[in-house]
Every structure is written in structure tokens, then in C-alpha cells.
Amino acid sequence: MAVPVSQMWTVASYVLKQKLRGRKRYPLVLMLEPLFRCNLACAGCGKIQYPAETLKRHLSVEECVRAVEECGAPIVSIPGGEPLLHPDIDKIVDELVARGKYIYLCTNAILLEKHLHRFKPSKHLSFSVHLDGTREDHDHAVCRDGVYDVAIAAIETAVKKGFRVTTNTTVFSNADPQRLREMFDILMDLGVEGMMLSPGYQYEKAPDQEHFLSRTGTINLFRKILGNAKRRWVFNQSPLFIEFLKGKWDLECTPWGNPTYNLFGWQKPCYLLQDGYAETFEELMNTVDWDQYGRASGNERCQDCMVHCGYEPSAVDATFGTLSGFASSAWTTLFGSPRLTPEEMAEELPAPNSSPQLVELEI
């Protein structure tokens with residue numbers, strides 16, 4: 001099942017309206033974190049390292065709805081923690097669906113089959129199941145045996161019951177390109193709507209600090225993973241972001257594109273960095289010095305980041321804001337991602353501390 005035409009139209013018309021209004025900064029996806037609590041302790045995660053009293057808290061339905069209306073983004077991603085641990089997660093989803101928002105409910109799927117009856121299939125709701133590889137790799141990444149099989153079974157059940165299902169995969173330096181490609185085939189066979197990929201961000205509090213990727217390491221690895229992508233693979237991401245991961249399109253971060261609201265308020269400046277909080281969305285947009293973030297700023301914390309929450313909005317903006325971006329996106333959508341030559345696949349870009357030379361696609 002492809003992304004609903006209504007969703008594509010909603011996003012496209014929303015972006016074009018922002019352009020016509022001359023808005024340089026606007027939200028595309030709200031990252032709504034109703035809780036930090038989780039039933040896993042993944043080695044690469046920096047989101048659950050909070051005191052016990054914080055992990056016991058969660059946002060109310062009213063707080064979630066107020067944040068969504070305040071922000072105005074057409075898409076709401078609900079990560080965590082594990083959102084299915086929230087006692088009113090079904091009510092939150094119902095309220096947002098009633099407001100016409102498109103929701104990606106992120107889950108490790110351990111509780112998905114148990115709670116599936118609380119939700120109704122809708123074009124506005126997609127379960128985004130976290131999978132970091134095939135069985136051995138995923139179970140290692142989440143530090144628990146058997147989670148992969150539970151997730152696959154939950155995907156099968158949700159698809160059979162008519163739910164939209166996508167996946168999200170965080171890629172680290174120890175990822176095996178061939179096994180990830182095998183996972184893509186498995187997910188397509190299961191009927192997954194689309195797959196999202198992102199290199200992991202180097203959270204300071206993550207237990208595993210060894211396997212985070214440098215910028216050039218990301219490009220080298222994603223060239224091996226996606227350099228000759230199969231046409232049957234469907235990614236829940238814009239074509240320009242996929243090319244960016246392979247070092248074939250130049251993008252600058254737009255940290256305001258996916259703003260985050262959680263227990264502490266509006267997180268400055270983005271989902272990945274914590275430089276304080278704002279009480280309102282307007283305060284977030286107007287008080288953050290956005291020039292201090294992104295690779296071009298020189299901020300050390302941003303130099304290796306190529307994560308989707310910062311660059312997917314950039315890709316969408318380039319698609320609708322530039323002729324070359326629109327033409328390249330259209331070409332890739334119609335004819336598939338340009339295949340890299342064997343030489344490009346084998347090429348190793350310069351050492352992590354040097355700046356990769358990114359070029360726009362030639363079509």
C-alpha cells in the first residue's frame with residue numbers, strides 16, 4: 001500500500017503555502033514525545049537516560065493536542081520512549097486523527113499486537129516499527145533476544161488487519177550492508193508501506209559510544225547499502241534525502257523543520273540537542289539563534305549529523321523550492337534512484353575530519 005494520495009497532497013499544498021507566504025522557517029513534522037519510558041534499553045539510545053521520577057511521567061491528552069494545534073505541522077511523529085506504554089495513547093491518536101493530522105506512531109512492537117484493538121485502521125495512522133536489521137543484528141542492537149521475531153509477527157498482524165505499517169532503521173558503523181538489504185526484501189514481502197533510514201546521532205549518554213558514524217563514514221556506508229537499490233524497495237523518505245545519504249546531493253540542516261515537544265516543553269533547538277526549553281512554539285521559533293546550528297555554523301555537535309529529523313525537511317524544502325530539486329525528485333520517483341558505478345561503490349571518501357565534496361545529481 002503506497003502513501004495515501006491525500007497525505008502527499010496535504011504535505012505538498014502545505015509546503016507551497018509556506019513558500020507563497022514567504023516563510024523561511026516552518027515546521028513539517030512535529031516530534032511529539034508523550035513520555036520517555038521504554039521497555040527496552042538499547043545501547044545506542046540517549047533518550048531513556050533520565051531519573052526514575054521523570055520516566056514515570058507522561059503528557060496528558062490535552063497537552064498533546066495543544067502542542068499539535070500550536071505547531072500546525074501536517075504530520076505528527078510520536079516517538080518515545082515507547083508510546084504504547086502511555087495509558088491514553090489511543091485517545092491521543094483519535095484526537096489527532098479527528099484534526100486531520102497524519103500520524104506515525106513509533107514503536108518497538110513488543111506491545112503492538114496486544115494493543116492493536118485500541119486503534120482503528122485509518123489513512124491518517126501508520127505504525128512505524130523500529131528494526132535495525134535482520135534477527136541477529138536487531139536483537140543485538142536492542143540488547144534483548146527475541147525482539148526481532150516479535151516485531152515481524154506484529155507487522156504481519158497489523159498489515160493483515162488493514163493498518164498502515166512503516167519501519168524505521170537506525171544505522172551504525174557496524175551495520176552489514178548485505179544483511180540490511182536482505183531486511184529490505186523481507187519487509188517488502190511483508191507488505192510494509194515504506195522504510196525510513198537514518199544514521200544514528202551520537203548521544204553523549206548512550207551506553208555504546210563506539211559505533212556512531214562520522215559524516216564520511218555515513219556516506220561510505222550508505223553507498224554500499226543503497227548504491228544499487230532495488231526498484232521494489234520503497235522508502236518513506238524524499239528522494240533527495242536518500243541521495244544526500246549517499247553524498248550525491250548537498251543539504252544543510254533545518255533544525256526547525258521537525259520541532260520537538262515533550263515533558264519539559266519545546267526542546268531547543270531540535271530532537272537531538274538539548275539547549276533548554278521554550279514554553280510555547282512561538283517562543284521556540286523566535287528565540288533560538290538558528291544560525292548557531294547545522295554543519296555550516298561550525299557547531300561541533302552538528303558536524304557528523306546526517307539524521308533524518310534535521311535533513312528530511314531540508315530535502316522537502318529543496319524539492320518544492322528549487323527547480324533542480326523538483327526535477328531530480330521527479331526523475332528519481334519515475335525512474336528510480338541513479339545507480340552508482342562500481343568505482344563509486346568501492347570509493348572511500350576522505351577521513352572523517354575532512355569535508356566531503358557533495359554534488360547535485362545530473363539528470
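**Note on the predicted model: sheet, helices, salt bridges and backbone geometry**

1. Ala109 is found in the loop between β3 and α5; helices (H or I, at least four residues) and strands (E, at least two) are DSSP runs, numbered from the N terminus. The model is a predicted one, in which local features need pLDDT of at least 70 and side-chain atom pairs count only at pLDDT 80 or more, whereas totals for chains, interfaces and linings use all residues. Residues are numbered from 1 along each chain as its sequence is written, and side-chain values use heavy atoms, with hydrogens and water left out.

2. Ala109 has a phi near 75 degrees, which is a positive value in a residue other than glycine. Its relative accessibility is 1%, so Ala109 counts as buried; the classes are buried for under 20% relative accessible area, exposed for over 50% and partly exposed in between (1.4 Å probe, protein chains only). Cys143, also not a glycine, has a positive phi of about 60 degrees. Cys143 belongs to the loop between α6 (135-141) and α7 and is partly exposed, with a relative accessible area of 47%.

3. Two cis peptide bonds deserve attention on inspection of the backbone. One joins Gly80 and Gly81, with omega about 0 degrees; Gly81 lies in the loop between β2 and α4. The other runs from Lys268 to Pro269, with omega near -10 degrees, and Pro269 is placed in strand β8.

4. The sheet is open and mixed in its pairing, with 9 strands in the order β6-β5-β4-β3-β2-β1-β7-β8-β9; two strands are taken to pair if DSSP finds at least two bridges between them. The edges are β6 (194-199) and β9 (274-278), each with a single partner strand, so one side of each has no neighbour in the sheet. From one strand to the next, the twist averages 30 degrees.

5. How many bridges connect β5 and β6, and in which sense do they pair? There are 6 bridges, and the pairing is parallel. Val171 stands opposite Pro199 in β6. Strand β6 is mostly covered, as 6 of its 6 residues are buried. The cover extends to both faces: Gly194, Met196 and Ser198 are buried on one side, and Met195, Leu197 and Pro199 on the other. In a regular strand the side chains alternate between the two faces of the sheet.

6. At the other edge, strand β8 (residues 265-269) runs antiparallel to β9 and is joined to that strand by 3 bridges. Pro269 stands opposite Gln274 in β9.

7. Helix α1 (residues 5-20) lies across β2 (75-78), β3 (102-107) and β5 (164-171), and runs at about 110 degrees to β3. Helix α7 (residues 147-160) packs on the sheet and touches β4 (125-130) and β5, with its direction at about 155 degrees to that of β5. Here contact means heavy atoms within 4.5 Å; axes are lines fitted to C-alpha atoms, for helices over the stretch in contact, and angles run from 0 to 180 degrees between N-to-C directions.

8. The structure holds 15 salt bridges, each defined as a side-chain nitrogen of Lys or Arg within 4 Å of a carboxyl oxygen of Asp or Glu. One of them links Lys19 and Asp317 at 2.5 Å, N to O. Lys19 is in helix α1 and Asp317 in helix α12 (residues 308-321), so this pair ties together parts that are 298 residues apart in sequence. Lys19 is partly exposed at 31%, and Asp317 is partly exposed at 26% relative accessibility.

9. Asp94 and Lys120 form another salt bridge (3.6 Å, N to O). Because Asp94 lies in helix α4 (residues 89-98) and Lys120 in the loop between α5 (112-115) and β4, the pair ties together parts that are 26 residues apart in sequence. Asp94 is partly exposed at 33% relative accessibility, whereas Lys120 is exposed, with a relative accessible area of 56%. In addition, a network of salt bridges links Asp185, Asp189, Lys230 and Arg232.

10. Arg57 lies in the loop between α2 (52-55) and α3 (61-71) and is partly exposed, at 39% relative accessibility. Not counting residues up to four places away in sequence, Arg57 touches Leu35, Arg37, Leu263 and Phe264. The C-alpha atoms of Arg57 and Cys42 are separated by 20 Å, with the two residues 15 residues apart along the chain.
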